[in-house]
Amino acid sequence: MAIPSCTVTVSKEYVLPTLASRKVLERTPNRWIRFQLWFNTYRKFFIFIMIMNIVGLALAIANVWDYPQQYASAFILGNLLVAILVRNELFGRLLYLIINTLFAKWAPLWFRLGCTSVLQHLGGIHSGCAVSGFLWLVYRVALIFIDHKDNHDSVLIMGVITNVFIGISIISAFPWVRNNHHNIFERHHRFMGWLGLLSTWIFVILGDSYDLNTHSWNPDGVRIIRQQTFWYALGMTVFIVTPWVTIRKVKVECEIPSPKAVVLHFERGMQQGLLARISRSSVMEYHAFGIISEGKNSNKHYLICGVQGDFTRGLVENPPTHIWTRELKFAGVSNTSTLYKRGIRVCTGTGLGAALSTCLQSPDWYLIWIGSDQERTFGPTISGLIHNNLGPDRVLLWDSKKRGGRPDIMKLIKEIYISWGAEVVFITSNFQGNTEMMEGCKAAGIPAFGTLWDF
């Protein structure tokens with residue numbers, strides 16, 4: 001089933017009369033534009049949270065603020081609780097649902113763009129609170145060490161152990177480690193985090209059970225439950241455990257149209273803008289892929305897995321009949337597509353997996369897919385979904401093999417942005433392609449959201 005290699009004429013003649021007055025800026029990316037893209041909402045969240053906590057920490061160390069000296073554990077666990085909460089799939093889905101329900105299409109464009117930016121960059125809150133919680137933990141252990149004559153050795157030891165576990169978990173999540181050594185990140189961030197949670201519980205219970213005045217143990221359960229640290233630790237536990245309760249081993253069919261890609265078929269339909277985590281093991285090495293589905297009432301959904309690493313190569317060499325997944329899927333930036341009256345979804349290669357559902361489930365979104373010999377590479381299922389659901393007036397397939405190279409992507413985006421009457425552009429591409437398009441859109445004054453390497 002062939003897909004037309006170019007299904008829309010992107011030229012000045014195609015501009016709708018009512019949109020002819022729309023303009024894009026003609027300027028090249030400069031340092032200021034690159035800085036604005038670098039200093040995104042993620043970094044703004046991170047820096048704001050870090051400044052607030054560092055100032056508080058400095059005031060406590062200088063003895064200007066006495067409260068943290070007595071209740072440092074509240075700052076530790078409060079920060080860690082928020083860090084875990086914003087990474088919880090259920091909480092994330094709830095936030096997306098509230099925003100999409102309350103502000104779809106009617107709110108001012110700047111406000112809707114802000115909502116998308118905040119939801120996309122919640123990782124900045126996660127990172128900022130996690131690092132801040134660690135710094136408060138170091139401060140708390142330092143206080144125990146200074147007053148070690150009044151504290152029991154076991155409290156100090158558990159404080160140090162908790163520091164080590166949480167410190168390793170944070171270091172393993174550094175962008176360089178996460179992007180270049182995914183399996184190391186997965187193992188250490190998850191398992192050190194779990195050990196950190198366990199040691200936190202022990203640290204909290206020991207600290208609340210030891211009476212500093214009598215230098216004796218007073219394991220009073222009622223007293224422990226009345227402490228705010230108990231409830232912080234309980235909240236952390238609930239938010240960590242919740243997604244893992246939904247782990248299931250499900251049936252999967254593997255379609256291998258080429259050595260470069262495998263298309264996984266799963267039962268039941270999904271709403272657009274979701275991603276799935278899958279693994280060969282129930283607890284190890286989960287990998288995230290965008291979900292393709294024609295809608296919640298469909299009987300299938302699909303994942304496109306490009307063959308790049310050991311995990312995806314194994315799907316081709318040894319196709320599974322069942323695979324582990326979290327039934328509670330997490331929302332991606334595409335889930336906010338319902339906020340906008342019209343938009344453009346740009347993707348390259350396997351990035352189609354995160355993009356196609358938005359266009360399949362909404363007639364207000366235009367698809368630009370750039371790749372090489374897509375039909376042969378990704379097979380009849382994906383080709384059929386595009387051919388059967390997207391009209392020729394809202395899809396552009398660019399086959400770089402047939403056309404002899406990549407397109408002037410910014411020229412295409414600008415022309416379609418004007419002719420389609422789009423409010424926003426969503427981009428899923430590799431690092432180089434994402435950088436090029438995000439800088440080009442920023443320079444042209446086109447609102448755009450690109451790929452994040454922060455799962």
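This report describes a pocket, a buried helix, the nonpolar cores, the cysteines and several loop residues. The structure is a predicted model.

**The second largest pocket**

The second largest pocket has a volume of about 820 Å³. Its lining is made up of 34 residues, and those nearest the centre of the pocket are Gln70, Arg140, Gly207, Asp208 and Leu212. Six elements each give at least two residues to this lining: helices α3 (67–85), α6 (123–146), α7, α9 (182–209) and α11 (228–245), and strand β1 (210–211). Helix α3 provides the largest share, 9 residues. By residue type, the lining of the second largest pocket comprises 16 nonpolar, 12 polar and 6 charged residues.

Helix α7 spans residues 153–171 and includes Ser169. Ser169 has a relative accessibility of 8% and therefore counts as buried, the cut-off being under 20%. Beyond its neighbours within four places in sequence, Ser169 is in contact with His188, His189, Met192 and Gly193.

**Helix α13 and the nonpolar cores**

Helix α13 covers residues 352–361 and is mostly covered, with 8 of its 10 residues buried. The buried residues are Leu352, Gly353, Ala355, Leu356, Ser357, Thr358, Cys359 and Leu360. They pack against four strands and one helix: β7 (287–292), β8 (300–306), β11 (343–348), β12 (365–371) and α14 (374–389).

Two residues of this helix, Leu352 and Leu356, appear among the members of the largest nonpolar core that touch the most other members. That core has 51 residues, and the others in this group are Leu264, Leu303, Leu367, Trp369 and Ile382. In soluble globular proteins, nonpolar side chains tend to be buried together. Leaving aside residues within four places in sequence, Leu352 is in contact with Ile292, Ile304, Cys347, Leu367, Trp369, Ile382 and Ile386. Another core, of 30 residues, lies apart from the one that holds Leu352; among its members are Leu80, Leu137, Val141 and Ile170.

**Cysteines**

The model has 0 disulfides. Cys359 has a relative accessibility of 0% and so counts as buried. The closest cysteine sulfur to that of Cys359 belongs to Cys347, and the two are 7.7 Å apart, too far for a bond; a disulfide would need the sulfur atoms within 2.5 Å. Cys441 is likewise in no disulfide, and its nearest cysteine sulfur, also that of Cys347, is 14 Å away. With a relative accessible area of 0%, Cys441 is buried.

**Loop residues**

Four loop residues are set out below.

| Residue | Loop | Relative accessible area |
|---|---|---|
| Gly349 | between β11 and α13 | 21%, partly exposed |
| Gly405 | between α15 (400–403) and α16 (409–420) | 25%, partly exposed |
| Lys105 | between α4 (89–103) and α5 (109–120) | 34%, partly exposed |
| Asp373 | between β12 and α14 | 16%, buried |

Not counting residues up to four places away in sequence, Gly349 touches Trp369, Ile370, Gly371 and Phe378. Of these, Trp369 is also a contact of Leu352. The C-alpha atom of Gly349 is separated by 18 Å from that of Ser293, a residue 56 places away along the chain.

On the same sequence exclusion, Gly405 touches Trp398 and Ser400. Its C-alpha atom and that of Pro259, 146 residues apart along the chain, are separated by 21 Å.

Lys105 and Asp373 stand out for their backbone angles. Lys105 has a positive phi of about 75°, although it is not a glycine. Asp373 is not a glycine either, and its phi is positive at about 50°. Why is Asp373 classed as buried? Its relative accessibility is 16%, and buried means under 20%. Lys105, at 34%, is partly exposed because its value falls between the limits of 20% and 50%.

Conventions
Residues numbered from 1 in each chain as written. Predicted model: local features only at pLDDT ≥ 70, side-chain atom pairs only at ≥ 80, totals over all residues. Heavy atoms only, no water. Buried < 20%, exposed > 50% of the residue type's maximum accessible area, 1.4 Å probe, protein only. Contact = heavy atoms within 4.5 Å. 1 Å grid on protein atoms, 1.4 Å probe; cavity = no way out; pocket = protein on both sides within 12 Å on 5 of 7 lines; lining within 4 Å. Points joined across faces, edges and corners; volume = space filled by probe spheres on them. Nonpolar A, V, L, I, M, F, W, Y, C, P; charged D, E, K, R; others polar. Core = buried A, V, L, I, M, F, W, Y, C linked by side-chain atoms within 4.5 Å.
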